[in-house]
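Here is a short report on a ligand site and the pocket around it. Look at the ligand first, then at the residues facing it.

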Amino acid sequence: AHDYTKYNNWATINDWVVSISSANADLISRQEIGNTYEGRPMHLLTIGKKTGSAKPAVFMDCGFHAREWITHAFCQWFINEAVSTYGSDPEMTNLLDRMDFFVLPVFNIDGYEYTWTNDRMWRKTRSRNSGSSCIGTDPNRNFDAGWCTVGASSNPCSETYCGSSIESEIESKNLANFIRSNKSIIKAYLTVHSYSQLLLFPYSYKYDLAADHSELLSVSQGAIAALSSLYGTRYTSGPGATTIYLAAGGSDDWAYDLGVKYSYTFELRDEGRYGFLLPESQIKPTCEETMLAVKYIASHVLNNL
Ligand SMILES: Nc1ncc(C[C@H](C[SeH])C(=O)O)cc1Cl
Ligand SMILES: [Zn+2]
Ligand SMILES: [Zn+2]
Ligand SMILES: [Zn+2]
Ligand SMILES: [Zn+2]
Ligand SMILES: [Zn+2]
């Protein structure tokens, strides 16, 4: 059965998505933004008080990379925390009254399933590459942001294969279409990865500073200070190119260039001791501290509309 303090497989997550949205119809609505390569529905949940009019929104996705299991757990944790603390936590209540959160709990569903059935360390999608026996594209190299110029490979056998073209992956296309269609209300894009304990912002595809660099930096510093206040977990924040590596085709850079100003990539726990195999005992602390960072960013967005 579904458990927020355990890693749940996709079938369990998908059943939970249906049940939590049905049980909280006043705060959650569910929609499909398309299917994956292998035909699984990509369910997007909209979290927020129904007002009848469009509200400014934060878009958050988890599970870009299949092996980064703590991220799937975080999106589930976030959704539960939001509906559970609405009405009691003043900050969350204010956020959900005045904004919406679009949450995509699992972006790369096919890959996630594959980590349960075949290879725990799988990263990419599971699409077939013509002319190669190697499978999958790195979805975080597949977006229209300096596509395939640096920090990505045009070899289908590479873990950072950029794909046959921009948005070659149906999952990328589905996400990009949704964000393009809603860009007038989407004020922030948060994409959750692991591991390294970093809060990254544009650009990763070039060393040039973003136009909003100073604000993105100061908000990231506030966010990681909030995160650290709970258990002392230390994060580093900065532009992707200098903070992690120069790499093109990422969804955060793409969203930023589309006009979504507050665009961040989280790299959750840990720093390498367990890496992608973070023990279930760390799900609760990791998720609780990350909640503080996400709420910090969302509150900043709300105060600066
Ligand atoms: N724009 C980006 N933002 C963040 C990252 C780091 C993640 C960490 Se798993 C990745 O390598 O895809 C990579 C890129 Cl290309
Ligand atoms: Zn459905
Ligand atoms: Zn990742
Ligand atoms: Zn990572
Ligand atoms: Zn909590
Ligand atoms: Zn602020």
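Ligand 1 is surrounded by 15 residues (each with a heavy atom within 4 Å of it). H65, N140, R141, Y245 and D252 are the closest. This is a predicted model: local features need pLDDT of at least 70, side-chain atom pairs count only at pLDDT 80 or more, and totals for chains, interfaces and linings use all residues. Residues are numbered from 1 along each chain as written, chains are lettered from A and ligands numbered from 1 in written order, and side-chain values use heavy atoms, without hydrogens and water.

Three side chains make polar contacts (pairs of N or O atoms within 3.5 Å) with the ligand.

| Side chain | Ligand 1 atom | Distance |
|---|---|---|
| R141 | oxygen | 2.9 Å |
| R123 | oxygen | 3.3 Å |
| S204 | nitrogen | 3.4 Å |

On its own, ligand 1 has 400 Å² of accessible area (Shrake-Rupley, 1.4 Å probe), and the protein covers 98% of it. Two elements give two or more residues to the shell: α8 (251–258) and β8 (262–268). The shell has 6 charged, 6 polar and 3 nonpolar residues.

Where does ligand 1 sit? It sits in the largest pocket. A pocket here is an open set of points on a 1 Å grid over the protein atoms alone, where a 1.4 Å probe fits, with protein on both sides within 12 Å along at least five of seven lines. Sitting there requires more than half of the ligand's atoms within 2 Å of the grid points.

The largest pocket holds about 300 Å³ of space. Its lining has 22 residues (an atom within 4 Å of a point). N140, R141, I244, Y245 and E267 are the closest to its centre. The lining divides into 8 polar, 7 nonpolar and 7 charged residues. β5 (186–194), α8 and β8 each supply at least two of them.

Conventions
A polar contact is a pair of N or O atoms within 3.5 Å; within protein, one must be able to donate a hydrogen and the other to accept it, and residues adjacent in sequence count only if both atoms are side-chain atoms. Helices (H or I, at least four residues) and strands (E, at least two) are DSSP runs, numbered from the N terminus. Ala, Val, Leu, Ile, Met, Phe, Trp, Tyr, Cys and Pro count as nonpolar, Asp, Glu, Lys and Arg as charged, and the others, Gly among them, as polar. Grid points are joined across faces, edges and corners, and a volume is the space filled by probe spheres set on the points.
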